[in-house]
Amino acid sequence: MRIVSTGDDTFGRNLGPHEVGEIYIRGPQVMKGYYKNPKATANTMDGDWYKTDDLGHYTEDGTLYLQGRLKELIKVKGYQVAPTELEEVIRYYDNVKDVAVIGVTHENYGEIPKAFVVPKSGVKINENELKEFVAKHVAKYKQLGYVQVIENIPKSASGKILRKELENL
């Protein structure tokens, strides 16, 4: 296994402990490519390394931590923001029962984060206070652009957030 940079200026560089990048794997259990589909193989393989589309980092002792999916990244001013990172911060806000974050188009920044939040029963979410709370815990480029209060987060039967449905709201 190796962690590979996804940044424009360092794309493809192997990363060290605690640096977030795409997880590549290889071994006898990993496929060699797609049958009669060289284009799909080229998009999925880097030599004999399989590109998982998962983002993560590892620690000095080799423990692997998953951060999210590469395709779900929000690209803000050239920086990459993992929705799961913002969701974890927002979960610590007292009045939030559930949350999901997606990227929405912005004419100056490319995309900006938008949070969909479900308040705890009987509680009202102050959108500006939530934005300020997040701003205290993340870098400037990761701050929320929008907050929308909804009744429930659309999820699959397995509990995965259905981000495409949120894009339509």
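The following exchange concerns the predicted model shown above.

Biologist: How many helices and strands are there in the protein?

Modeller: This is a predicted model, in which local features need pLDDT of at least 70, side-chain atom pairs count only at pLDDT 80 or more, and totals for chains, interfaces and linings use all residues. Residues are numbered from 1 along each chain as its sequence is written, and side-chain values use heavy atoms, without hydrogens and water. Helices (H or I, at least four residues) and strands (E, at least two) are DSSP runs, numbered from the N terminus. The protein has four helices and ten strands.

Biologist: At what angle do helix 2 and helix 3 pack?

Modeller: Two packed helices are described by the angle between their axes and the distance between the axes. Axes are lines fitted to C-alpha atoms, for helices over the stretch in contact, and angles run from 0 to 180 degrees between N-to-C directions. Helix 2 (residues 83-91) and helix 3 (residues 127-135) have axes 10 Å apart, and they pack at an angle of about 115°.

Biologist: Which residues in helix 3 meet helix 2?

Modeller: Contact means heavy atoms within 4.5 Å. From helix 2, the residues taking part are L86, V89 and I90. Their partners in helix 3 are L130, F133 and V134.

Biologist: Which strand gives the most to the lining of the largest pocket?

Modeller: On a 1 Å grid over the protein atoms alone, a pocket is an open set of points where a 1.4 Å probe fits, with protein on both sides within 12 Å along at least five of seven lines; lining residues have an atom within 4 Å of a point. Of the 21 residues that line the largest pocket, the closest to its centre are T6, G7, V20, Q80 and Y141. With three residues, the element that gives the most to this lining is strand 7 (residues 79-81).
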